[in-house]
Amino acid sequence: MRDLVARLAVDFPSVGVVTVEATVRAAYDAFRQARVRAYVPILIERRSRKVLRARCLTAPALAPLPAPHSTPHPVPPTPHPVPPASEPVPVLPAAERAGTATGTGSGTRTGP
């Protein structure tokens with residue numbers, strides 16, 4: 001729980017550590033009786049982030065700074081964009097497609 005409080009305190013610097021800890025503790029209490037415990041840590045983190053994010057949105061001047069690991073510059077576009085198709089693919093008339101749906105080839109019989 002201490003690691004989560006520390007991470008959230010870094011991600012939400014405008015919110016006091018005491019508030020972050022209380023938020024995490026409340027989320028933990030909500031999942032205390034969960035039968036399947038494997039996902040409880042991630043659910044606690046998600047719920048805590050949601051509450052802290054909502055708290056920051058209600059006070060826009062106190063919005064959190066971007067995480068230090070985020071990219072400061074936008075990702076450049078791909079150097080070679082895929083060109084649009086020049087012409088639509090033709091559709092064969094039904095008579096020519098008759099044999100292709102069953103995998104028999106051209107649609108003509110070649111055996112006895």
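Is Glu-45 buried or exposed, and what is its relative accessible area? In this predicted model, Glu-45 is buried, because its relative accessible area of 16% falls under the 20% cut-off. The residue belongs to helix 3, which spans residues 40-58. Once neighbours within four places in sequence are set aside, the contacts of Glu-45 are with Leu-4 and Arg-7.

Leu-4 leads on to helix 1, where it is one of the buried residues, together with Val-5, Leu-8, Ala-9 and Asp-11. These residues lie on the same side of helix 1, because the arc they cover around the axis is only 160°. A general feature of helices is a helpful companion here: an α-helix has 3.6 residues a turn, so residues three or four places apart point the same way. The other side of helix 1 carries the exposed residues Arg-2, Asp-3 and Val-10. As for the buried residues of helix 1, their cover includes helix 2 and helix 3.

The pairing of helix 1 with helix 2 deserves a look of its own. Two packed helices are described by the angle between their axes and the distance between the axes. For helix 1 (residues 2-11) and helix 2, the axes come within 9 Å and cross at roughly 130°. Helix 1 is therefore oblique to helix 2, and the crossing of the two is right-handed. On the helix 1 side, the contact is made by Leu-4, Val-5, Leu-8 and Ala-9, which meet Val-17, Val-20, Glu-21 and Val-24 of helix 2. Sorted by character, the residues of this contact comprise seven nonpolar and one charged, with no polar residue. Leu-4, Val-5, Leu-8 and Ala-9 thus appear in two roles, being buried in helix 1 and taking part in the contact with helix 2.

Further along helix 2, which covers residues 17-30, sits Ala-27. Ala-27 counts as buried because its relative accessibility is 2%, a value under the 20% cut-off. Not counting residues up to four places away in sequence, Ala-27 touches Ile-44, Arg-47 and Ser-48. The C-alpha atoms of Ala-27 and Pro-41 are 9.7 Å apart in space, while the two residues are separated by 14 residues in sequence.

Taken together, these details link the elements pleasingly: helix 2 and helix 3 are among what covers the buried residues of helix 1, and Glu-45 of helix 3 is in contact with Leu-4 and Arg-7.

Notes:
Residues numbered from 1 in each chain as written. Predicted model: local features only at pLDDT ≥ 70, side-chain atom pairs only at ≥ 80, totals over all residues. Heavy atoms only, no water. Helix = DSSP H or I, 4+ residues; strand = E, 2+ residues; numbered from the N terminus. Buried < 20%, exposed > 50% of the residue type's maximum accessible area, 1.4 Å probe, protein only. Contact = heavy atoms within 4.5 Å. Axes fitted to C-alpha atoms, helices over the stretch in contact; angles between N-to-C directions. Parallel < 35°, antiparallel > 145°, perpendicular 65-115°, else oblique. Left-handed = near helix turned anticlockwise from the far one by under 90°. Nonpolar A, V, L, I, M, F, W, Y, C, P; charged D, E, K, R; others polar. Arc of directions from axis to C-beta.
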